[in-house]
Amino acid sequence: MRIAVLKERAPGESRVAITPETVKKFTALGATIAVEEGAGHAASIPDEAYREAGAEVATGPKAVEGADIVLGVQAPDVAALAGAKPGAWVAATFDPFRNGELVEAYAKAGFEALSMEFMPRITRAQSMDVLSSQSNLAGYKAVLTAANEYGRAFPMMMTAAGTVQAAKVFVMGVGVAGLQAIATAKRLGAQVSATDVRSATKEQIQSLGAKPVFVEEVAGIEGEGSGGYAAEMSEEYQKAQAELVSSHIAKQDIVITTALIPGRPAPRLISDAQIASMKPGSVIFDLAVAQGGNVEGSSPDETVVKHGVKIIGFSNTATHLAADASALFARNLFNFLSAFWDNEAGKPILDDEIGNAVRLTQGGKVVSERLT
Ligand code: NAD
């Protein structure tokens, strides 16, 4: 069983899909690991650390030669996989709803694409879920970045020169990223409020010491929602939400938006008119900017200033915490493959529940139900 890991090639991607820790763990299962030279540099992992952990460090083509499994953060182009075994598995993120051509190319080349974004949200798959591990770090980074852009302080300070008011932070979308954003903003001393369409989040917001702000007159999603995910809301709900947000947002200094709907563009939560109602110097961090954005006018990796309000958001937030993001991502991949490791066969054998959920291509075809 040869597992190969290439240096990430997407612009701005500094994570890596394997760490010396997971090299050792895979080796203990009986696998041979090959890592492309420089693959960990941007995540502060030198080639030497991989060698010491027992990996072979080689050029990309040499590392991939004869590989049964290739691991990636963002799935490599098919051309980079030349020399891998026929039918080799590639476990990575594929952004499958938006990367149809890449998925087709994997099918055509006969590789088995395993999309980590399609990991089901079931208890036993929690430790394999890259969306959770990366969103958690992204929620933290969003608050720190917004705090940095904000020309005032977060905590209340009573000084000899007078009092500095605590910042008011509003978090929209309380999934994994939103919960971490609330916790981070609280730790920095801000006054925090938050909203979501799923009623189950109300208690979670309160348990972090923040104030829930919810649409009351139109029903949202009772409980967790299907598989923990939200759906697109009715026009009536959207209207009620817009009214609620309009009255709340004008009093906020920082807004962090994190709302996503799987397979759909991110819902629009903040309009230009609502931005205009905020105080100059306020900051909005749009964590959904790469999925179309929750905020009107947001643009990935740019600071857009509208009505004196700074609107920011990264195309890839987790890459700004490359070392921790890589460590968690690599563990997610190890937890996934090791859970299915068959010692007799010396390789992982996936079950139907998880295998069929994550598998995009097999035997030359696109096989994912969510795509076909
Ligand atoms: P996500 O990234 O899909 O969405 C972020 C949040 O935005 C969600 O809370 C969603 O309800 C909210 N949202 C969507 N549309 C909105 C709108 N119009 N207005 C306001 N908010 C809106 O979600 P996520 O962070 O991946 O997690 C969602 C849930 O799934 C959480 O409860 C989480 O604990 C659970 N989860 C479970 C597992 C597991 O059991 N393996 C793994 C991951 C997540």
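**Exercise 1. Which residue in E13 does Ile-256 stand opposite, and how do the two strands pair?**

Step 1. Ile-256 stands opposite Phe-285 in E13, where strands are DSSP runs of E with at least two residues, numbered from the N terminus.

Step 2. Strand E12 (residues 254-257) runs parallel to its partner E13 (residues 283-286), and four bridges join them; two strands count as paired if DSSP finds at least two bridges between them.

This is a predicted model, in which local features need pLDDT of at least 70 and side-chain atom pairs count only at pLDDT 80 or more, while totals for chains, interfaces and linings use all residues. Residues are numbered from 1 along each chain as its sequence is written, and side-chain values use heavy atoms, with hydrogens and water left out.

**Exercise 2. Place the strands in their sheet and find its edges.**

Step 1. The open sheet has seven strands in the order E11-E10-E9-E12-E13-E15-E14, with mixed pairing.

Step 2. Strand E11 (211-212) and strand E14 (304-306) each have a single partner strand, so one side of each is left without a neighbour in the sheet.

**Exercise 3. Describe the surroundings of the ligand.**

Step 1. The ligand has 22 residues around it (a heavy atom within 4 Å), and by class these are 10 nonpolar, seven polar and five charged. Here Ala, Val, Leu, Ile, Met, Phe, Trp, Tyr, Cys and Pro count as nonpolar, Asp, Glu, Lys and Arg as charged, and the others, Gly among them, as polar.

Step 2. Arg-121, Val-176, Asp-196, Arg-198 and Gln-241 come nearest.

Step 3. A polar side-chain atom of Arg-198 lies 2.7 Å from a ligand oxygen atom, whereas for Gln-241 the partner is a ligand nitrogen atom, 2.9 Å from a side-chain N or O atom.

Definitions and conventions
A polar contact is a pair of N or O atoms within 3.5 Å; within protein, one must be able to donate a hydrogen and the other to accept it, and residues adjacent in sequence count only if both atoms are side-chain atoms.
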